[in-house]
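Visitor: Could you take me through one part of this protein up close, please? I would like to see how the helices pack there and what lies beside them.

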Amino acid sequence: MESSTAIAAAAALLVFAAAALALGLANRRSDERAAALQRLRAMRWQDLALLVADMLSVRGLQRDDVDRHPGKDGFDLRVSRGSARYLVQCKHGAAFQVESATVQELQRMVAMQGADGGILVTTGTITPQARAWAAAQAGMELIDGLQLWPQVEPLLDAEVRDTVMADARERRLRKWLLAAALGVVAGICAALLLALSPPAAETSEPSPGSRPAPAAPAPQPPQQQEAEPVADVAGAVPMPDPSLSEEQLEDRRADAQRMVQTIAEIELARWITRSTLLLELRGMPGEQALESIVEAVCGELLVYEELRYTRLQLQPAGQTEGETVTVRWRQCR
């Protein structure tokens, strides 16, 4: 009885831990980012454009034509820093995904208006192809929802920030309850299976006094012992949701790449294979600093279960052709 209870409790704890890991309960920032994005996407488009204008003014980009209506002539804002002028587009909505064609259209508009560059801001996502195309152009900047929130958060009222934190806490509570419920269900199922399993047959042997003494000891066949069942490996890594499509997995890799790109010491992050992430660093730091960078990168990758075994290729940025490249390799798990 005690053994059955221990097995059921172990099953409950194992499933609870696996569910907590899969739901990202180890990363509090992911819930805060999700709640913040939901709040930004709930804003009216014009209010978002004005918030972006305030954000850019903090960066030294002053808004031109204050009375100009956002969206006129295909762009929302015209900002300047000194003699340099930039066009700003705001793409609103959770489902919006910036493709290369969208960035190319903004580039053509910049050329038509005689501006020096363009800034595209979205509360949605940006494809890796669009980022690669923009990086090859002069004066083009792309900002997605995950990058936008840290820049606009200080500009929002305290009431809005408190609402975001409350939403994040509610998200985490729902995840904890779900993980606990899955653990309880697993424990109950394990207990029922053990209760319904037939008991092992007991064999009885005759007492020594009733057994006739043989003239000579007869050779006994070797006793067959039942192989002990192999216990499940504790802490087995749960696979990512099998319902995720290849496109959704690619989006998750792109989201992880964007978050890694925000780390200050990293000049460029890009996937060179499905499981290898190239990190171009601003100089090659010492071992202790390098490990700090790897720890920060892995903190972003471990948000996604399928990326926990990502291989990291670290090298200094700006390597020229024919130059000896200093490369370090690391792995999160």
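Guide: Happy to! In this predicted model, helix H3 and helix H6 pass each other in a left-handed crossing. H3 covers residues 45–58 and H6 covers residues 145–152, and their axes come within 10 Å at a crossing angle of roughly 65°. On the H3 side you will find Leu-48, Leu-51 and Met-55, which meet Leu-148, Gln-151 and Val-152 of H6. Sorted by class, this contact has five nonpolar residues, one polar residue and no charged ones.

Now stay with H6, since it also helps to line the second largest pocket, supplying at least two residues. Helix H5 (128–135), strand E7 (140–143), helix H8 (246–261) and strand E8 (266–273) each supply at least two as well. The pocket has a volume of about 590 Å³. It is lined by 21 residues, and those closest to its centre are Arg-131, Ala-135, Gln-261, Glu-267 and Leu-268. The lining as a whole has 10 nonpolar, five polar and six charged residues.

From the pocket, follow H8 to its own helix partner. The axes of H8 and helix H9 (residues 287–301) come within 9 Å and cross at roughly 150°. Angles over 145 degrees count as roughly antiparallel, so that is how H8 and H9 run relative to each other. Their crossing is right-handed. Ala-256, Met-259 and Val-260 of H8 make the contact with Val-297, Glu-300 and Leu-301 of H9. By class, five of these residues are nonpolar, none is polar and one is charged.

How values were computed. Residues numbered from 1 in each chain as written. Predicted model: local features only at pLDDT ≥ 70, side-chain atom pairs only at ≥ 80, totals over all residues. Heavy atoms only, no water. Axes fitted to C-alpha atoms, helices over the stretch in contact; angles between N-to-C directions. Helix = DSSP H or I, 4+ residues; strand = E, 2+ residues; numbered from the N terminus. Left-handed = near helix turned anticlockwise from the far one by under 90°. Contact = heavy atoms within 4.5 Å. Nonpolar A, V, L, I, M, F, W, Y, C, P; charged D, E, K, R; others polar. 1 Å grid on protein atoms, 1.4 Å probe; cavity = no way out; pocket = protein on both sides within 12 Å on 5 of 7 lines; lining within 4 Å. Points joined across faces, edges and corners; volume = space filled by probe spheres on them. Parallel < 35°, antiparallel > 145°, perpendicular 65-115°, else oblique.
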